[in-house]
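These are my notebook entries on the structure shown below. I set down what I looked up, in the order in which I took the chains and their interfaces.

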Amino acid sequence: MSPILFWIFSALMLGFGAATILNRNPVASALSLVVSFLGLAALFFGLDANFIGVIQILVYAGAVMVLFIFIIMLLDLKAEQRRQINIPALLGGVAIVVAFTAQLVTVIRSYKAGNEPFAAITPNLPDAHNIGMTLFANYNLPFQVIGVLILVASIGVVVLSQRELK
Amino acid sequence: MNAILQFLSDPLPFLVWTTLAKSAGLLGVVLVMVSYTVYAERRVSSLMQDRLGPNRTGFPTSLLGFGIKDWSPFLGGLGQPIADALKLLLKEDFTPAYVNKFYYWIAPGLGIGAAIISLAVIPFGSSIAGVDMVIANVDIGPLFVFAISSLGVYGIVLAGWSSNSKYPFLGAVRSTNQLISYELALGLSIVPLILIIGKLNLVEIVSYQVQNGWMLLPGITAKAPHLPTLEQFLTWIPVFIAFLVFTISMFAETNRLPFDLPEAETELVSGYHTEYSSLKFALFFLGEYTAMITGSALIVTLFLGGWHFPGIPDGSAAGWLGVMWGLVNIGVFLAKVVAFLIFFIFIRWTLPRFRYDQLMKLGWIWFFEIALVNIFITALIVTYVH
Amino acid sequence: MAYKVPRPNLTFAEKIYLPSVLAGLKITLGHLWRMLRGKTHVCMQYPEEKWDSHLPDHYRGAPTLVSDEFGRTRCVACQLCEFICPPRAIRITPGEIPTDDTFAKVEKYPEQFQIDMIRCIYCGLCEEVCPEQAIFLKKEYAIARTSRAEMMHNKAKLIEMGGLQPGVVNKWNEKK
């Protein structure tokens, strides 16, 4: 992947990620998140991970965020736009972010293996095939367990929302 | 001159300019196809209703001295798309005062952009002079189409929401619901095909069909057409079910009748684009018909052998013969797509609109389940056949 | 009392809906096929084909002022049509007939008679209300011009369009 494209898409992703938090309009926030996902997907495409990139778009940008926007539009949220800036909370947040970044930087700098050149990856395409083989051959049991877990969670949601209706 | 030719045949510049040429050519063909699909829609519908339809705006052949009448009951009106395009361009582009301007302006672009980009992975021909007739030969063909067309829903949602008006909003809500519901059936219904073929690359899916027979008509191969064998017949059963589910879901995805609830005229004025006029409305219109073409192209690629037709070789032969066959392949593909578009139109003017609860029931209770069960059936059959 | 609408018991073929789709397609494609073979009688191709010779005598086209066999414009400027005209398309300026005229006893004649064809709704009330059988709706219906001035029919135009109307009562003639 060309470094220029990498920087462009990284900047897109981070910029719109920031816009997600900074926007006061909920719909604008959600849409910024969508663009951020698209930037992320473009980075995956650049790494020849087409399958993950397309799933990123299909699942997150195309389905999950559409549902989010759908709900936001129906609720017509106005409270967020009226809220005042809370100075102590803002300062606290900034302090935490600075502390976390400092810690991250020190940890990364002390990690020696990070400076060593990465062993060349031999492209082993198609990647959908690779993912399928890895998931269903090597990690079949964890995969099934996660599936059951999600099933239980969704049944739980249905049961809980039914109870609230009564 | 030689230096330029030398530069153009280097691998990277060659890739760039062939891709650009293919994109421009495909875009041109598709836009012309869209405008004539609208014309076909009007003519076919009127012929089905014992009318004549637009038969006046012909090309002025009499001025050029051909001695043909400019209008005739069946051939006139071929200039209608041009006149329509000019009319839409020259209309007043009105932006209501109460809309959310930014989103109101980007929504039409999102709608048509998604529809056009998803054409990039469709193999619309075999190859011409060694260049594959597909813009992006990626290993995730159908998924790419689904992913990009699922982004198209943002155009509709934003149009409905930013219009700040009740009917467009209702249309957008309906559209979102419908698209999300039928995307599931659409995605699941092609899993059997991928199980049988074992490839996600649309170019390879087509070449599989050239070797082993079209998915829907297994007897038609590059060799002499024959009756399907038992194995082919067994695999044909899930493919046929997948074809039905996929085609009907495609009707819902493209907002065509009998599933055109997002823009049901009798209920919602004209749905999500009620507040749009002029070029912005034209973009929605274009986007809708481009989505129809993309859908038909995908069906043709997945089920009907793409550019292949028995007796017509691919464009691998050397010299001008190969170029000619390559062009014929593109023509075959376009002919199949046009046949499907006409089928879309037949259905539109035959069936009444579904009720909303029927639409949801069909998507979630019938197609979703049928597609899931179909995957299991296919898995069993594929294990038996291999 | 609530009335429960009985639900029809659908057969399997009706439930899966596809046979009805095919049945519908059979009907619509049948129409298409008959149309393509030219078997269907279609609507008239208007500017080339016209229905003029079939128009009934009572057809309500453009209102006109008629003349009788003595060459007299029958209007006496009573202005009843002007009053009854629903869209107020008629404007009449009455004038006095000089005493040495043959029809001096009619006393009034329209100096100007204008019908605004942009306003006219072809209702025929003017013809119905006219006590003199002077205004008739003729068969001319293609009234489209390029300017508002041309759409204003003046007296000369109305008389020209009206022409001679036979079979009307000549109540102003001298008694024999």
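**Entry 1: chain A and its domains**

I began with the domain centres of chain A: taken over C-alpha atoms, the centres of domain 1 and domain 2 of chain A lie 24 Å apart. I note at once that this is a predicted model. The domain assignment of chain A places domain 1 at 3-82 and domain 2 at 126-166.

**Entry 2: which chains touch**

I next asked which chains share the most contacts. Of the two pairs of chains in contact, that is chains A and B. I then looked up chain A against chain C and found that no contact joins them. The closest C-alpha atoms of chain A and chain C lie 27 Å apart.

**Entry 3: chain B against chain A**

I looked up how many residues take part on each side. In this interface, 23 residues of chain B are in contact with 25 residues of chain A. I recorded about 2000 Å² buried between chain B and chain A, with 82% of it on carbon and sulfur atoms. I then asked which three residues of chain B supply more than any other three of the area that chain B buries against chain A. They are Ile140(B), Tyr154(B) and Trp161(B), which supply 27% of that area.

I checked for charge pairing and polar contact across this interface. The rule finds zero salt bridges between chain B and chain A, and one residue pair in polar contact, both residues being at pLDDT 80 or more.

I then traced the side of chain B that touches chain A to its elements. Helix H5 (141-162) and helix H6 (166-189) of chain B each supply at least two residues of that side. H5(B) gives the most, with 11 residues. By class, I listed 17 nonpolar, four polar and two charged residues on the side of chain B that touches chain A.

**Entry 4: chain B against chain C**

I repeated the look-up for the contact between chain B and chain C. It takes 18 residues from chain B and 16 residues from chain C. I recorded about 1600 Å² buried between chain B and chain C, 73% of it on carbon and sulfur atoms. Leu47(B), Met48(B) and Asp50(B) supply 29% of the area that chain B buries against chain C, more than any other three residues.

Between chain B and chain C the rule finds zero salt bridges. I counted two residue pairs in polar contact here, with both residues of a pair at pLDDT 80 or more.

Which helices of chain B each supply at least two residues of the side that touches chain C? I found helix H2 (11-48) and helix H12 (319-348). H2(B) gives the most to that side, with three residues. I sorted the side of chain B that touches chain C into 13 nonpolar, two polar and three charged residues.

**Entry 5: salt bridges**

I looked up the salt bridges of the whole structure and found eight over all chains. One of them joins Glu41(B) and Arg256(B), whose closest N and O atoms are 3.0 Å apart. I then placed the two partners: Glu41(B) lies in helix H2 of chain B, and Arg256(B) lies in the loop between helix H9 (230-253) and helix H10 (265-268) of chain B, so the pair ties together parts that are 215 residues apart in sequence.

**Entry 6: the fold of chain B**

I recorded 13 helices and two strands in chain B. The radius of gyration of chain B is 22 Å, close to the 21 Å that the globule rule gives for 386 residues, so chain B is as compact as a globular protein of that length. Along the principal axes, the C-alpha atoms of chain B fill a box of roughly 60 × 60 × 45 Å.

**Entry 7: chain C**

I turned last to chain C, which has six helices and five strands. I wrote down the order of its elements from the N terminus on as α-α-β-α-β-β-α-β-α-β-α.

I looked up how chain C stands against the globule rule. Its radius of gyration is 28 Å, whereas a compact globule of 176 residues would have one near 16 Å. The C-alpha atoms of chain C fill a box of roughly 95 × 55 × 40 Å along the principal axes.

I closed with the domains of chain C. Chain C is divided into domain 1 (11-42) and domain 2 (52-162). The centres of these two domains of chain C, taken over C-alpha atoms, are separated by 53 Å.

Note on methods: Residues numbered from 1 in each chain as written. Chains lettered and ligands numbered in written order. Predicted model: local features only at pLDDT ≥ 70, side-chain atom pairs only at ≥ 80, totals over all residues. Heavy atoms only, no water. Contact = heavy atoms within 4.5 Å. Buried area = accessible area lost by both parts, 1.4 Å probe. Salt bridge = Lys/Arg side-chain N within 4 Å of Asp/Glu carboxyl O. Polar contact = N/O pair within 3.5 Å; in protein donor to acceptor, adjacent residues only side chain to side chain. Helix = DSSP H or I, 4+ residues; strand = E, 2+ residues; numbered from the N terminus. Nonpolar A, V, L, I, M, F, W, Y, C, P; charged D, E, K, R; others polar. Domains from an automatic or database assignment. Rg over C-alpha atoms; globule rule 2.2 N^0.38 Å.
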